[in-house]
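Let's take a walk through a protein model together, one piece at a time. Have the picture handy and turn it around as you read.

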Amino acid sequence: MPRKKDGMPFEVHPTPAKGKDGKYIVYARPAMRDKLKMQGLEDFCSRNYGLRYGELSRAFDVFLHAAGELMAMGYRIDTPIGSFAPRLMLSREITDPDAVKARDVRFNGVEYNPGKLWNRELEKWNNGFRRVDNTNTQELLANPEQLDKVLQECLQAYNGYVTVSLFAHKSGLTYYSARKQLNQWTEGDNPRLLKTRRGQEFIYTEI
């Protein structure tokens, strides 16, 4: 983990939109890094914040169950890290409000509003930014041999499947470009990949 004084590493990538000069408009994002899982967060908090290992996971478990129970009763939960509320949807198209019945209502996830606390916390720890070199997306997309190599590496490393996030991480592409490329491999008369939903994401397997 880089020292605080180094600043947050960031990359610059093109968007699909073009500017007045005909070139792609660019945007900045945090540099691609490995995802920090719960074990890593537990280790960090144990070393730096005096928590016993496992305390944070237990707190999250209790919060998940308690907040889920309360939101199922219609409560909005306000916490130091933001507010959580149930989001609803109708299972069919209805134009008459009086025609809506209880059986028409479904859960549609959780609405999360982080508020201003996260911004204040990030600004407190931030010590500027530092640019790091990153792959030129357009050049990479124009190199089918390199993309094929990355795809094969992903399929071998992840038991024959790949996700958009994994492919983006391994290739250096943006999430948008990685998804577009994977979807292209599922199209045509002789597709290379099969796209299948797994939970909240899609996986791509070789045909």
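Before we start, one bit of vocabulary: two strands are said to pair if DSSP finds at least two bridges between them. Keep in mind, too, that what you're looking at is a predicted model.

With that word in hand, find strand E3 (residues 77–79) and strand E4 (residues 82–90), which are joined by 3 bridges and run antiparallel. Want to put your finger on one of those bridges? Isoleucine 77 has phenylalanine 84 as its bridge partner in E4. E3 and E4 make up a hairpin, with 2 residues between them. Now carry on to strand E5 (residues 105–113): here 7 bridges tie it to E4, and the pair runs antiparallel. On this side, look for proline 86, whose bridge partner in E5 is valine 110. As background, strands of a sheet pair through backbone hydrogen bonds, either parallel or antiparallel.

Next to explore is arginine 76, which sits in the loop between H2 and E3. Is arginine 76 buried or exposed? Neither label quite fits: its relative accessibility is 41%, so arginine 76 counts as partly exposed. Setting aside residues up to four places away in sequence, arginine 76 touches Ser83, Phe84, Ala85 and Glu111. Two of these touches involve polar contacts between side chains: one reaches serine 83 at 3.2 Å, and another reaches glutamate 111 at 2.8 Å. For a sense of scale, try jumping from arginine 76 to arginine 131: they are 55 residues apart in sequence and 40 Å apart in space, C-alpha to C-alpha.

Now follow the chain back to helix H2 (residues 55–71), which has 17 residues. At 1.5 Å a residue, H2 should span 24 Å, and its end C-alpha atoms are 24 Å apart, so the expectation and the model agree. Which residues of H2 are buried? They are Leu56, Ala67 and Met71. These three cover an arc of only 25 degrees around the axis, which means they are on the same side of H2. What do they pack against? The buried residues of H2 pack against helix H1 (38–48), and also against E3, E4 and E5, so you're back at the strands you just met. Spin H2 around, and the face turned away from its buried side carries the exposed residues Val62, His65 and Glu69.

You can play the same game with helix H5 (residues 144–157). It has 14 residues and reaches 20 Å from its first C-alpha to its last, close to the 20 Å expected at 1.5 Å a residue. Its buried residues are Leu147, Val150, Leu151, Cys154 and Leu155. Look down the axis of H5 and you'll see them fall within an arc of 135 degrees, so they line one face of the helix. The face turned away from that buried side carries Glu145, Gln156 and Ala157, which are exposed. Just after H5, check asparagine 159, which takes a positive phi of about 55 degrees.

Time for another sheet. This one is open, has 3 strands in the order E2-E1-E6, and mixes its pairing. Why do E2 and E6 have one side without a neighbour in the sheet? Strand E2 (24–30) and strand E6 (129–131) stand at the edges, each with a single partner strand, so one side of each is left free of a neighbour there. On average, neighbouring strands of this sheet are turned by 45 degrees against each other, direction ignored. Strand E1 (residues 8–18) and E6 run parallel and are joined by 3 bridges. In this pair, proline 9 stands opposite arginine 130 in E6.

Finally, two buried residues from further along the chain. Threonine 163 is in the loop between strand E7 (161–162) and helix H6 (164–171). Its relative accessible area is 5%, so threonine 163 is buried. Leaving aside neighbours within four places in sequence, threonine 163 is in contact with Leu182, Arg198, Glu201, Phe202 and Ile203. Asparagine 183 lies in helix H7 (residues 175–184). Its relative accessibility is 18%, and because buried means under 20%, asparagine 183 counts as buried. With neighbours within four places in sequence left out, asparagine 183 is in contact with Lys195 and Tyr204. The side chain of asparagine 183 also makes a polar contact with the side chain of lysine 195, at 3.2 Å.

Terms used:
Residues numbered from 1 in each chain as written. Predicted model: local features only at pLDDT ≥ 70, side-chain atom pairs only at ≥ 80, totals over all residues. Heavy atoms only, no water. Helix = DSSP H or I, 4+ residues; strand = E, 2+ residues; numbered from the N terminus. Axes fitted to C-alpha atoms, helices over the stretch in contact; angles between N-to-C directions. Buried < 20%, exposed > 50% of the residue type's maximum accessible area, 1.4 Å probe, protein only. Polar contact = N/O pair within 3.5 Å; in protein donor to acceptor, adjacent residues only side chain to side chain. Contact = heavy atoms within 4.5 Å. Expected span 1.5 Å × (residues − 1). Arc of directions from axis to C-beta.
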